[in-house]
Amino acid sequence: MDQKDFKIETLSEQFTKKFQVTLTLREPINHDSYLFRFDFKNPKERLGMQAIQHIKISGFNMKGDAVERAYTHVFEQDGYFQIPIKIYRPNVHPQFPNGGELTPWLEKLNLNSELTIKRCLGKLFYHNNQFIVRPKLNNTWSQFDTVLFICGGSGITPAYQLIQSICNNPNDNTKMVILYANKTEQDIWLQKELNQFQSKHKDQFTVHFTVDKFDENWKGLKGHVNFEMMASTFPKPTETTLGVLCGPKTMNKLVIQLYEQFGVKKDNIVKF
């Protein structure tokens, strides 16, 4: 299929129809995160989505009100897919004193329970070595030589999806560099997988981890993402540099300013 023939139908049934899946596994990742496995009724079904698209899960908050929240899967095979999800429990996170809207419900949901999801289009679209930035508003294909990522915590999941797609495409030579920030090393998701991609695609992909709290054995970067950290790890941006971000709201606001200060074109800065 030629790129010009590839259409994104934002109102198609794929992006509007809700359907049921079954929670079959909730495996701990660390002290506040799990890898959730959801199975389709049809053992051959797949999400069938492009990279950087996500799903919305319908459920209930602590008050019993119906809510929806977006998540990005990191793995799928025939019949099921897996999503890492961080649980925001009440009275733990200062920003969320009452807990998350959906994650406390997900943590307590019985295995083999059915729940409702739908596929969603993100703010970036990737297909065959090219991108559409803000596809709901735009349908112009662009090619970027370099993609810069700045992610915090669970914000790694959409970046990981794109990294997988580019590294697994032998015809895509896009260079990628990621700054991935966490509170501690224990909070890092997909550390092994990211290091493996770097080892296997060392001329194409580089990952830098930074943490706020660390011991004497920590070999990575230290502290919050800042301009000096970007300047020491990222290549100088050009017209064909894409800067993407995903993290907590306060971090995202700062990162957009840092990207602009660093010289990434405003139109080329995208929050997943």
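**Warm-up: a residue in its place**

Where is the place of arginine 69? Work it out, then add its accessibility and its contacts.

Before the solution, some ground rules: this is a predicted model, in which local features need pLDDT of at least 70 and side-chain atom pairs count only at pLDDT 80 or more, while totals for chains, interfaces and linings use all residues. Residues are numbered from 1 along each chain as its sequence is written, and side-chain values use heavy atoms, with hydrogens and water left out.

Step 1. Arginine 69 sits in strand β4, residues 66-71. Helices (H or I, at least four residues) and strands (E, at least two) are DSSP runs, numbered from the N terminus.

Step 2. Its relative accessible area is 35%, so arginine 69 is partly exposed. The scale goes like this: buried is under 20% relative accessible area, exposed is over 50%, and partly exposed is in between (1.4 Å probe, protein chains only).

Step 3. Leaving out residues up to four places away in sequence, arginine 69 touches Ile55, Lys56, Ile57, Glu101 and Leu102. Contact here means heavy atoms within 4.5 Å.

**Exercise 2: the annotated site**

Find which residues UniProt lists for "binding site", and work out how they sit in space.

Step 1. The unreviewed UniProt entry lists Arg69, Tyr71, Lys86 and Thr157 under that heading. UniProt positions are given in the numbering used here, feature names are shortened, and annotations may be inferred rather than shown by experiment.

Step 2. They span 89 residues in sequence, but no two of their C-alpha atoms are more than 14.4 Å apart, so they gather at one spot.

Step 3. Now take tyrosine 71, which is also found in strand β4. Tyrosine 71 is buried, at 14% relative accessibility. Ignoring neighbours within four places in sequence, tyrosine 71 is in contact with His54, Ile55, Ile57, Ile83, Ile85, Leu102, Thr103 and Leu106.

**Exercise 3: salt bridges**

Count the salt bridges, then trace what three of them link.

Step 1. Take the rule: a side-chain nitrogen of Lys or Arg within 4 Å of a carboxyl oxygen of Asp or Glu. That gives eight salt bridges.

Step 2. One of them joins lysine 86 and aspartate 32, with the closest N and O atoms 4.0 Å apart. Lysine 86 is in strand β6 (80-86) and aspartate 32 in the loop between β1 (19-30) and β2 (33-39), so this pair ties together parts 54 residues apart in sequence. Aspartate 32 is buried, with a relative accessible area of 5%.

Step 3. Next, aspartate 78 pairs with arginine 46 at 2.8 Å between the closest N and O atoms. Aspartate 78 is in the loop between β5 (75-77) and β6, and arginine 46 in the loop between β2 and β3 (54-60), so the pair ties together parts 32 residues apart in sequence. Aspartate 78 is partly exposed at 37% relative accessibility, and arginine 46 is partly exposed at 39%.

Step 4. Last, lysine 265 and glutamate 239 meet at 3.4 Å, N to O. Lysine 265 is in the loop between α6 (249-262) and β15 (269-271), glutamate 239 in the loop between α5 (227-233) and β14 (241-246), and the two are 26 residues apart. Lysine 265 counts as partly exposed at 33%, whereas glutamate 239 counts as exposed at 58%.

**Exercise 4: the open sheet**

Write down the strand order of the seven-stranded sheet and pick out its edges.

Step 1. The order is β4-β3-β7-β1-β2-β6-β5, with antiparallel pairing. Two strands pair if DSSP finds at least two bridges between them.

Step 2. β4 and β5 are the edge strands, as each pairs on one side only.

Step 3. On average, neighbouring strands of this sheet are turned by 35 degrees against each other, direction ignored. Axes are lines fitted to C-alpha atoms, for helices over the stretch in contact, and angles run from 0 to 180 degrees between N-to-C directions.

Step 4. Zoom in on one edge: β5 and β6 pair in the antiparallel sense over three bridges. Glutamine 77 stands opposite tyrosine 80 in β6.
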